[in-house]
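Here is a short tour for a colleague who likes to read a model from the outside in. Please keep the structure open beside the text as you go.

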Amino acid sequence: MVSLCKKIITPIARASISISKPTIFPGHEVPFVPFSQLQKIKQLESQIISTLHDCTSLSQIKQTHAYIIRRCLHQSSYVIAKLVRMLSKTSVSMLPYGVSIFSQVRHPNAFLYTALIRGYTIDGMLEESVFVYNSMRRDGLTPVSFTFTALLSASASEKKVDLGRQLHCECVKLGGFEVDYFVDNVLINLYLKCGWLSSGRKVFDESPERDLISWTSLIDAYAKAGRMDSASEMFDRAPAKDMVLWTAMVTGFVQNAKPREALEYFEKMQISGVQTDEITLVGVINACAQLGAAKYANWVRDIAEKSSFSVAKDSHLGSAMIDMYSKCGCLEEAYEIFKNMHKKDVYSYSSMIIGLAYHGRATSAIELFKEMTKTDVGPNAVTFLGVLTACSHAGLIEEGKKFFEIMESTYGVTPCADHYNCMVDLFGRTGRLDEALDVITSMPMEPTAGIWGALLGSCRTFANPDIAEIAARHLFELEPVNIGNYILLADVYVKAERWEDSLKVRKLISEKGLRKTPAFSCVEGEKGVIHEFYAGNMTHPRSMEINEVLENLIERLKLNGYEPDLSSVLYDVNEEEKRRILMKHSEKLALAYALLIAEDGSAIRIVKNLRICVDCHLFMCGVSEISGRKIIVRDNMRFHHFEDGSCSCCNFW
C-alpha cells in the first residue's frame, strides 16, 4: 500500500499553518478524577454541547468559549470538537480562531482532529487539511470514518484524484474503512467526479452496503458518459427505485438524444405510482421537444397540471413548456402558455421569441422583443440569439444589423460565436457572401465549424465556389470526418458546373471512408406511436398503401403543373432513376402515411433530421393545396408551415 504521509508530506509541508501543543512538564500530568466528579463533568459537557448547538453567531460562540475556559473544560476534546464544528457551521474560517482553539488542547483526540480537518475542507483549504491529517497520524491517532469522508469529499470537489487514491490506500491499509458505508459512498463520488468510472464501479461492486445515493450516482455517471445501456442495467438491478433514480434515467436519455426511451421510462414511472417533481417534468418536456410529438406534449402537460404544478406560476416550467410546444409545431399552444404566465421573465420571453423565429414569424418575434424592452425585464444573450435568428430566417438585413449593434452598446450583452453565426447566416442567405466572409474575418474569437458551415451552405445556394473553398478548407480542419461538409462543397461545384472538381471531392469522400447520415422523417401515428421513415426504405407494414398514395399525389400534382426538381438528386444516374429516388424521400413517405391515418382536416406534423430538399419543399406546397391540409415540417434548420400551396418561409430557407 502507498503511504499517504510519504507521498504528500513534502509538497504540503509548505502550507502556512502552525499547530503547536502546550508543553507538558513533569508533575503536571492530568490528575485522577473520582467517578462522581467525572459524572458531573459529563453532565456539564452535555449542557455546553447543547448551548453550542444553538449558537448562531461568532459572538455567541465566543461567549460560550469563555464559559468553557472558566469551567476548566478547554482540554475536553469532546467539547472543543463541537466548538470547532460550530465555527464551520456559522461560516467562520479556521484561521486564526479555530487553529488557536485547537492548539490549546494538550491531548486532542481523533474527533477533534477531524473537526479541524473538516473545517479546512469547508474553507477550501485542502492542503492544510491534509497537513493536519499527517500531524494526527504522527501523533499515533487512528482516523475515524468522518476524517476520510471530509478529505475525500474535498478531493472530489477539486478533482484531485491522485490524492483521493492515496487516501483510498490509507483506508485499506488501516483496515475496516474500505467497507464503511459512508466512506464507500464518498469514494464512489470521488472516482465518478474525476471521470474514473471503472474505479467507481469497482468500489460500488465491492461495497457491502449500497444506498439509493450510490445507485443514482453511478447511473448518472453512465448517462454522462453516453453509456445508457450500462445505466439501464444498473437501474434494473436497483433494489428500490425512488423519484431521483427514475429522474436520472429520464434525464440521461434526454441528454443522449434518446427521447423515445426517456418517454418510455417516464410512462413506466407513472405506472409505478412514483411522484413526479419539477426536474423530472423538465426532463420529459425536453424529450417531447426533441421528438416533436404533439400528443406526448399534451399528455405531459396534463400530468403537470394534475400533479399541482402551475405552468402559469412556475417560470422555469412554463418556459420549458413554451419551448416544447414550439418544437412540436404547436406555436398557438406555446403562445397561450406564454400569455397566461403570471410573471414573465427573461427565460419565458426568450423561449417565445426563439419559437416565433424558428416558425418564420419574424415580425411577431421582433414585436415581442420590443414589448419586452418596455418592461423591467432585460434581454440576455439567448434573447438576442432569438431575434437575430428571426431576422436571418426572414432576410431582414437592416433589422439584424441594428439588433447586433445595440446588443452590446445598449444592453451590455457581448456577442458570442452563436451571434456571429446568425450574422453570417443573415448575409449568406441573401447572397451577400463577401459581407458574410467579412463578418468572419473580423470576429474577436476563432470561428466555429457552425459559422464556416453557414457560409458554405450559402455558397451552395448562390453557386460561389471561390468562397466555398475558403469555408471548406477551414471545415476540413475543424471537422475532418463530417461528410456533410464534403457533400456541400461537391454540390457547389455541381451548381457552378465544375464537374471534375465535384468528382474529386466525391473521390475524397470514398478514400476517407465517410458515410452520409441517413435521412429520416418521423410522424406521430395513432395512440401517439412515432413512425420513422428512411429515404428509399419501403419496409413499413403499410408500404404498399403509402406507395399508392404517393403515386396518386404525383398524378394530381402534375395536373397542376408540378415537375420534380431533379437537381435535388446529386447522384450520377439517369432522369428516371432520379425521379424514383425523389419519390422515396423520407418526408414524402411520412406525409403519405400521415394522409392515410390522420383525421379529415387535421394538421400533419413531420420532423426531419436533415434540411428539406428543394423538390420536397415544392411537393409539400402542392399537396397542401390539393388536399386542403396544413402541413408542418420541422427540419434541422427551421419550421415550414405549408398551407394553400405556399410556405411560411416564402421560399427563403
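Two strands are called paired here if DSSP finds at least two bridges between them. That wording will matter when we come to the hairpins. Please keep in mind that this is a predicted model.

**The overall picture**

The protein has 33 helices and six strands. Its radius of gyration is 33 Å, well over the 26 Å that the globule rule gives for 653 residues, so the protein is more spread out than a compact globule. The C-alpha trace spans about 115 × 55 × 55 Å along the principal axes.

How much of the protein is buried? Buried residues account for 50% of the 653 residues. The accessible surface comes to about 31600 Å², and carbon and sulfur atoms hold 52% of that surface. If you look at contacts between residues at least 6 apart in sequence, 64% of them join residues at least 24 apart. As for charge, the protein carries 72 positive and 78 negative charges, and the mean positions of the two sets are 7 Å apart.

**The sheet**

The six strands form an open sheet with the order 2-1-3-4-5-6 and mixed pairing. Strand 2 (530–534) and strand 6 (646–647) stand at the edges with a single partner strand each, so one side of each has no neighbour in the sheet.

Three of the pairings are worth a side-by-side look, each with one pair of residues that you can find in the model.

| Strands paired | Sense | Bridges | A facing pair |
|---|---|---|---|
| strand 1 and strand 2 | antiparallel | five bridges | V523 and H531 |
| strand 4 and strand 5 | antiparallel | four bridges | V633 and H640 |
| strand 5 and strand 6 | antiparallel | two bridges | E643 and S646 |

Let us start with strand 1, which covers residues 520–524. S521 is found in this strand. Is S521 buried or exposed? With a relative accessibility of 0%, S521 counts as buried. Leaving out residues up to four places away in sequence, S521 touches H531, E532, F533, S586, E587, A590, I606, V607 and K608. Among these contacts, H531 is also the residue that stands opposite V523 in strand 2. For a sense of distance across the model, S521 and K241 are 280 residues apart in sequence and 35 Å apart in space, C-alpha to C-alpha.

Now move along to strand 4 (residues 631–634), which runs antiparallel to strand 5. A hairpin through four residues joins strand 4 to strand 5. Strand 5 (residues 639–643) is mostly covered, as four of its five residues are buried. Strand 5 also forms a hairpin with strand 6, this time with two residues between the strands. In that turn, D644 has a positive phi of about 55°. E643, in the table above, has S646 in strand 6 as its bridge partner.

When you step along any of these strands, one general point may help: in a regular strand the side chains alternate between the two faces of the sheet.

**Backbone details among the helices**

A few places outside the sheet deserve a pause. The peptide bond from L95 to P96 is cis, with omega near -5°. P96 has its place in helix 5 (residues 94–103).

Which loop holds C72? C72 lies between helix 3 (58–70) and helix 4 (77–89). This residue is not a glycine, yet C72 has a positive phi of about 60°. C72 is also exposed, with a relative accessible area of 59%.

K159 makes a good companion to read next. K159 is in the loop that links helix 8 (145–157) with helix 9 (161–174). K159 has a positive phi of about 55°, although it is not a glycine. Its relative accessible area of 56% makes K159 exposed.

**A residue in helix 9**

Continue into helix 9, where H168 is found. Here the cut-off is useful: buried means under 20% relative accessible area. At 19%, H168 therefore counts as buried. Apart from neighbours within four places in sequence, H168 is in contact with L187, Y191 and V203.

Note on methods: Residues numbered from 1 in each chain as written. Predicted model: local features only at pLDDT ≥ 70, side-chain atom pairs only at ≥ 80, totals over all residues. Heavy atoms only, no water. Rg over C-alpha atoms; globule rule 2.2 N^0.38 Å. Buried < 20%, exposed > 50% of the residue type's maximum accessible area, 1.4 Å probe, protein only. Contact = heavy atoms within 4.5 Å. Areas by Shrake-Rupley, 256 points an atom, 1.4 Å probe, with all protein chains shown as cover. Lys, Arg positive; Asp, Glu negative; His and termini not counted. Charge placed at Lys NZ, Arg CZ, Asp CG, Glu CD.
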